[in-house]
Amino acid sequence: MPGRNWARTALKWGMASHVQSPATETVCREILDVNDPILPAVQALYERTLDEDERIPWEWLARTPERRLAWTPGRRRPHLVIATPKDEPDRPVGFGYGVFLPGYGGYVCYLGVDAATRGRGTGTQLFRFLFRLIESAARLSAVPLPFIIWESHRPVDSGLWAARLRVFDKVGGLWARGIELHTPNYMRADAPPVRLQIFLRPGDEPAESLRGERLREAVLGLYDQIYRITPDDPLYQATVAGTVNPRLVPAVEAVDAK
Ligand SMILES: CC(C)(COP(=O)(O)OP(=O)(O)OC[C@H]1O[C@@H](n2cnc3c(N)ncnc32)[C@H](O)[C@@H]1OP(=O)(O)O)[C@@H](O)C(=O)NCCC(=O)NCCS
């Protein structure tokens, strides 16, 4: 059974597969088995928590444990994680996805908490859990982890935007002011590009060195690492053309970003 073998390996390598916050009574765990019986409930939570245009097909995310278990140090390592109440381990109240990208950094996306459970620290806990898993992948690969990066499109609901920014701030995330990532609108090909704000938590590279050209390079790296978009693409060029003095500032300053 892959789950059990993995648990043994994880113990051997001293890796965290669970994290618990006494403050919230919610525990996070990583899904390590494609047949984990909790997955249908996680899918339902994913589909009701994130808008359709913020999602990718669930089937792709649900295959994460396969790729995770086949991992060897030095390669990409994806993580699908969930949060459950401590005394209800079969009821997911939050989920998240993140990946270690060797030679680049870490990337977090697709994170959500059930509406009835928000405001109790679960979103923050999921971010931190993903950070720890990504950090452990970098450690086992014996490579630096300069930063962990994520993007966010400002939603219509300003309260939700404020809540996101608060969580980003709590986990040490800074906003890359002065640069917006133009990305395809995957749901409607005829729609204008989706403009994403970029947030980054410095890791082995201090915030002071992540500015100017280096910050621009880190953000543009998402095109290669995540979107498979090349520098000759109009989206890439639009991002470059719109960039003005990129710098890291507190996440909450993104409150008025468009
Ligand atoms: C964003 C989201 C993940 C946050 O989850 P959560 O479990 O509520 O997060 P936390 O409880 O850790 O933190 C929420 C913080 O936002 C604050 N907050 C909530 N609503 C707010 C508002 N309207 N204005 C300002 N702050 C707000 C809370 O007070 C809390 O901060 P505090 O701990 O200082 O009190 C959740 O709202 C969600 O799933 N939203 C829908 C999907 C989504 O937007 N995903 C984000 C992907 S990055």
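Two residues count as in contact if their C-beta atoms, placed from the backbone, lie within 7 Å. Keep that idea in mind as you look at this predicted model, because contacts of this kind tell us what covers what. The protein chain is divided into domain 1 (1-144) and domain 2 (146-258), and a ligand lies between them, because both domains give residues to the shell around the ligand. Let's walk through the helix, the domains, the ligand shell and the strands in turn.

**Helix α2 and its two sides**

- Helix α2 spans residues 39-49, and its buried residues are Val42, Leu45 and Tyr46.
- Looking down the axis of α2, you would find these buried residues within an arc of 100 degrees, so they line one face of the helix.
- Pro40, Ala44 and Arg48 are exposed on the other side of α2.
- What covers the buried residues of α2? The cover includes α3 (58-62), β3 (77-85), β4 (94-101) and β5.

**Two buried residues in domain 1's strands**

- Leu111 is found in strand β5, one of the elements that cover the buried residues of α2.
- Why is Leu111 called buried? It has 23 other C-beta atoms within 10 Å, and a residue is buried if 20 or more other C-beta atoms lie within that distance of its own.
- If we leave aside neighbours within four places in sequence, Leu111 is in contact with Gly96, Gly123, Leu126 and Phe127.
- Leu111 and Ile82 are 29 residues apart along the chain, and their C-alpha atoms are separated by 9.3 Å.
- Pro78 lies in strand β3, another element that helps to cover α2's buried residues.
- Pro78 is buried too, because 21 other C-beta atoms lie within 10 Å.
- Not counting residues up to four places away in sequence, Pro78 touches Thr64, Arg67, Arg68 and Val99.
- From Pro78 to Val240 is 162 residues in sequence, and 28 Å in space, C-alpha to C-alpha.

**Where the two domains meet**

- The C-alpha centres of domain 1 and domain 2 lie 22 Å apart.
- How many residues of each domain are in contact with the other? On the domain 1 side there are 16, and they are in contact with 14 residues of domain 2.
- Two elements, β5 and α5, give two or more residues to the side of domain 1 that touches domain 2.
- Helix α5 provides the largest share of that side, with 6 residues.
- Sorted by class, the side of domain 1 that touches domain 2 has 9 nonpolar, 4 polar and 3 charged residues.

**The shell around the ligand**

- There are 20 residues around the ligand, and those that come nearest are Arg118, Gly123, Thr124, Gly159 and Ala162.
- Elements giving two or more residues to this shell are β5 (105-113), α5 (122-141) and α6 (158-170).
- Which element gives the most to the shell around the ligand? That is α6, with 7 residues.
- By class, the shell around the ligand is made up of 7 nonpolar, 9 polar and 4 charged residues.
- Gly123 turns up in two stories here: it is among the residues that come nearest to the ligand, and it is also in contact with Leu111.

**Strands β6 to β9**

- Strand β6 (residues 147-152) and strand β8 (residues 194-202) run antiparallel and are joined by 6 bridges.
- Within this pairing, Ile149 has Leu200 in β8 as its bridge partner.
- Strand β7 (residues 174-183) also runs antiparallel to β8, and 6 bridges join them.
- Two residues that show the pairing with β8 are Trp175, which stands opposite Phe199, and His182, which stands opposite Arg195.
- Strand β7 is joined to strand β9 (residues 247-250) as well, by 4 bridges, and these two strands run antiparallel.
- Trp175 is worth finding in the structure: it stands opposite Phe199 in β8 and opposite Val249 in β9.
- Of the 10 residues of β7, 7 are buried, so this strand is largely enclosed by the rest of the structure.

Note on methods
Residues are numbered from 1 along each chain as its sequence is written. This is a predicted model: local features need pLDDT of at least 70, side-chain atom pairs count only at pLDDT 80 or more; totals for chains, interfaces and linings use all residues. A residue is near a molecule or strand if its C-beta atom, placed from the backbone, lies within 6 Å of it. Ala, Val, Leu, Ile, Met, Phe, Trp, Tyr, Cys and Pro count as nonpolar, Asp, Glu, Lys and Arg as charged, and the others, Gly among them, as polar. Domain bounds come from an automatic or database domain assignment. A residue is buried if 20 or more other C-beta atoms lie within 10 Å of its own, exposed if 12 or fewer, and partly exposed in between; C-beta atoms are placed from the backbone. The arc is that of the directions from the helix axis to the C-beta atoms. Two strands pair if DSSP finds at least two bridges between them.
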